Amino acid sequence: MVGRLDKEKGIDTAIKALELLNFKYDIKIVGRGTENKKLQSLVKKNKVQFLGHKNNLKKYYKKADLFLNTSHFEGFSNAIIEALNFKVPVIAANCPGGNREILNNGEFGQLFKPHDYLDLHNKIKKF
């Protein structure tokens, strides 16, 4: 995940969805913001790394198996475009803004219901 750690980015939705998985994963969250401490407190059982702000994201995209965008609303998401550019599969919130258009209504990545961590959980499991 890449983005500001602010409430509107919905990162809590991702953490709740990931906590339900019954297999190991390693997630890296690049960014900083007002919700940093709160989000870290939600992590209970699996490995989530909060990496802070990074200028060069290339190495993170190149190592990624999946990119999540959990925003409650989004403009034109550079992070989704970057993930697609590096051929990283994307699961993104079908929120107001550009996600649906960037993913061509699900053709270039999966969409889940915003705020719905169970829907996201199921999409991650299927992935």
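Biologist: Happy to look at this with you! What covers the buried residues of α1?

Modeller: In this predicted model, the cover over the buried residues of α1 includes β1 (26-30), α2 (36-42), β2 (47-52), β3, β5 and α6.

Biologist: And what makes α1 count as largely enclosed by the rest of the structure?

Modeller: Buried means under 20% relative accessible area. Seven of the nine residues of α1 are buried, so the helix is largely enclosed by the rest of the structure. You can find them in your viewer: Ile11, Thr13, Ala14, Ile15, Ala17, Leu18 and Glu19.

Biologist: Let's take one of them. Why is Ile11 called buried?

Modeller: Ile11 has a relative accessibility of 5%, and the cut-off for buried is under 20%. Ile11 therefore counts as buried.

Biologist: Which residues does Ile11 touch, not counting those up to four places away in sequence?

Modeller: Ile11, which lies in helix α1, touches Met1, Arg4, Leu5, Ile29, Leu39 and Thr70.

Biologist: Now to the helix pair. Why is α1 called oblique to α6, rather than parallel or perpendicular?

Modeller: Helix α1 (residues 11-19) packs against helix α6 (residues 117-126) at an angle of about 55°, and their axes are 8 Å apart. Roughly parallel needs an angle under 35 degrees, and roughly perpendicular starts at 65. The angle of about 55° fits neither, so α1 is oblique to α6. Their crossing is right-handed.

Biologist: Which residues make that contact?

Modeller: From α1 come Thr13, Ala14, Lys16, Ala17 and Leu18, while α6 brings Tyr117, Leu120, His121 and Ile124. Sorted by class, six of the residues are nonpolar, two are polar and one is charged.

Biologist: Over to the sheet, then. What is the order of the three strands in the open sheet?

Modeller: The order is β3-β4-β5, and the pairing is parallel.

Biologist: What makes β3 and β5 edge strands?

Modeller: β3 (67-69) and β5 (110-112) each have a single partner strand, so one side of each is left without a neighbour in the sheet. On average, neighbouring strands here are turned by 20° against each other, direction ignored.

Biologist: How do you know that β4 pairs with β5?

Modeller: Pairing calls for at least two bridges between the strands. Strand β4 (residues 90-93) is joined to β5 by three bridges, so the two strands pair. They run parallel, and Ile91 stands opposite Gln110 in β5.

Methods
Residues are numbered from 1 along each chain as its sequence is written. This is a predicted model: local features need pLDDT of at least 70, side-chain atom pairs count only at pLDDT 80 or more; totals for chains, interfaces and linings use all residues. Side-chain values use heavy atoms; hydrogens and water are left out. Axes are lines fitted to C-alpha atoms, for helices over the stretch in contact, and angles run from 0 to 180 degrees between N-to-C directions. Helices (H or I, at least four residues) and strands (E, at least two) are DSSP runs, numbered from the N terminus. Angles under 35 degrees count as roughly parallel, over 145 as roughly antiparallel, 65 to 115 as roughly perpendicular and the rest as oblique. A crossing is left-handed if the near helix is turned anticlockwise from the far one by less than a right angle, and right-handed if clockwise. Contact means heavy atoms within 4.5 Å. Ala, Val, Leu, Ile, Met, Phe, Trp, Tyr, Cys and Pro count as nonpolar, Asp, Glu, Lys and Arg as charged, and the others, Gly among them, as polar. Buried means under 20% relative accessible area, exposed over 50%, partly exposed in between (1.4 Å probe, protein chains only).
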